[in-house]
Amino acid sequence: LSDRYLKYLDFKKEKVHAKMKILPLVMKHFYPTSKLSDITKHIQFEGADRVYLELDGLGRPIPPEARKRHHKSDGLIFAPDLPYHRGTDFNYMKWKWHDTITLDFECRRNQHTKYGVSLAFAAEGNDKVDFTDHIVMGVHEYHRLLGDMGANPTLITEWEWSPECSGWIYKMPRPDKKKSNFSRTVLATIMELAEGMDIEEVEYRLTFARPEDDDWEQALAVRRKALLDDRRKAISGR
């Protein structure tokens with residue numbers, strides 16, 4: 001900030017600097033898709049969460065006092081090389097680890113259902129689509145959900161897919177939201193889970209400049225057959 005501008009704002013330079021420390025600004029790093037590994041090597045587990053860690057030249061985490069970028073990460077954002085514009089940009093795409101994929105549903109007390117609550121998401125024309133049959137809750141999760149709802153008849157809640165339970169399990173309340181996810185988001189999320197694209201597949205396929213050169217499916221089929229053949233040999237040799 002120039003002195004002239006500071007004078008115009010009627011602030012002392014020290015006060016402006018003190019205020020700026022409250023909201024530090026950090027420049028984003030953009031990478032070409034061919035350099036995806038330069039991003040993923042920074043994403044590591046801290047406890048149960050994946051976090052982005054700044055690393056030194058030897059691949060070691062930078063000490064906390066020297067970090068500029070240290071935050072949780074649930075996936076990757078692919079941005080087009082196009083001018084920025086306000087509002088929703090459908091040229092942007094986000095990939096998420098499967099264990100971080102969640103949906104927001106409206107939860108309502110309903111004594112006629114298995115768990116005493118019903119879940120729904122929004123659809124066209126202010127309609128609501130029931131999703132209750134696809135949730136799984138143990139006793140602990142059930143009481144935690146009721147505790148989060150309190151005296152409220154409805155609450156927007158976040159749920160995550162659990163392959164182990166073959167259903168959607170309760171994660172946490174979303175009091176910051178007034179509406180559930182819309183049907184378009186719900187269907188896109190379920191399709192993303194059905195695709196089952198893990199980070200290894202994403203990185204491998206993005207190394208090809210032309211789609212016709214992408215041999216992921218063929219290479220994976222060969223590796224799977226070899227794995228099964230090795231297992232058959234191990235069993236027959238017992």
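Which residue takes a positive phi in the hairpin of β9 and β10? Ser166 does, at a phi near 55 degrees, and the hairpin has four residues between its strands.

This is a predicted model; local features need pLDDT of at least 70, side-chain atom pairs count only at pLDDT 80 or more, and totals for chains, interfaces and linings use all residues. Residues are numbered from 1 along each chain as its sequence is written, and side-chain values use heavy atoms, with hydrogens and water left out.

**Overview**

The protein has seven helices and 10 strands. Helices (H or I, at least four residues) and strands (E, at least two) are DSSP runs, numbered from the N terminus. Of the 238 residues, 27% are buried. Buried means under 20% relative accessible area, exposed means over 50%, and partly exposed lies in between (1.4 Å probe, protein chains only). The protein exposes about 17900 Å². Carbon and sulfur atoms supply 56% of that area. Accessible areas come from the Shrake-Rupley method with a 1.4 Å probe; for residues, only the protein chains shown count as cover. Among contacts (heavy atoms within 4.5 Å) with a separation of 6 or more, 46% join residues 24 or more positions apart.

**Strand β9 and its partners**

β9 (154-162) is mostly covered, with seven of its nine residues buried. β9 pairs with β6 in the antiparallel sense over seven bridges. Two strands pair if DSSP finds at least two bridges between them. Within this part of the model, Thr102 has Glu160 of β9 as its bridge partner. β9 also pairs with β10, again antiparallel, over six bridges. Here Trp161 stands opposite Trp168 in β10.

**Nonpolar cores**

In soluble globular proteins, nonpolar side chains tend to be buried together. A nonpolar core is a set of buried Ala, Val, Leu, Ile, Met, Phe, Trp, Tyr and Cys residues joined through side-chain atoms within 4.5 Å. The largest one holds 19 residues. Val117, Leu119, Leu145 and Trp159 touch the most other members. β6 (102-109), β7 (117-122), α4 (139-149), β9, β10 (167-173) and α5 (183-195) each supply at least two residues of this core. Apart from it lies another core, of nine residues, including Ile43, Trp95, Trp97 and Ile199.

What does Trp159 touch, not counting residues up to four places away in sequence? Its contacts include Ile101, Thr102, Leu103 and Phe105. Leu119, Ile135, Met137 and Leu145 are also touched by Trp159. Trp168, Ile169, Tyr170 and Lys171 complete the list.

**Surface and loops**

Ile77, Tyr84 and Tyr92 make a nonpolar surface patch of about 400 Å². Patches are made of residues with over 30% relative accessible area and no salt bridge; like charges are joined within 9 Å, nonpolar side chains (Val, Leu, Ile, Met, Phe, Trp, Tyr) within 5 Å. A salt bridge is a side-chain nitrogen of Lys or Arg within 4 Å of a carboxyl oxygen of Asp or Glu. Tyr84 sits in the loop between β4 (75-78) and β5 (93-96).

Asn126 has a positive phi of about 65 degrees, although it is not a glycine. Ser166 is not a glycine either, and has a positive phi of about 55 degrees.

The table sets out selected residues by place and relative accessibility.

| Residue | Place | Relative accessible area |
|---|---|---|
| Tyr84 | loop between β4 and β5 | 71%, exposed |
| Asn126 | loop between β7 and β8 (128-130) | 77%, exposed |
| Ser166 | loop between β9 and β10 | 57%, exposed |
| Arg60 | loop between β2 (49-53) and β3 (70-72) | 47%, partly exposed |
| Ser37 | helix α3 (37-40) | 32%, partly exposed |

Two of these residues have further distances to report. The C-alpha atoms of Arg60 and His42 are separated by 9.7 Å, with their positions 18 residues apart along the chain. Leaving aside neighbours within four places in sequence, Arg60 is in contact with Glu54 and Leu55. Ser37 and Ile199 are 162 residues apart along the chain, and their C-alpha atoms are separated by 10.0 Å. Ile199 is also one of the nine residues in the other core.
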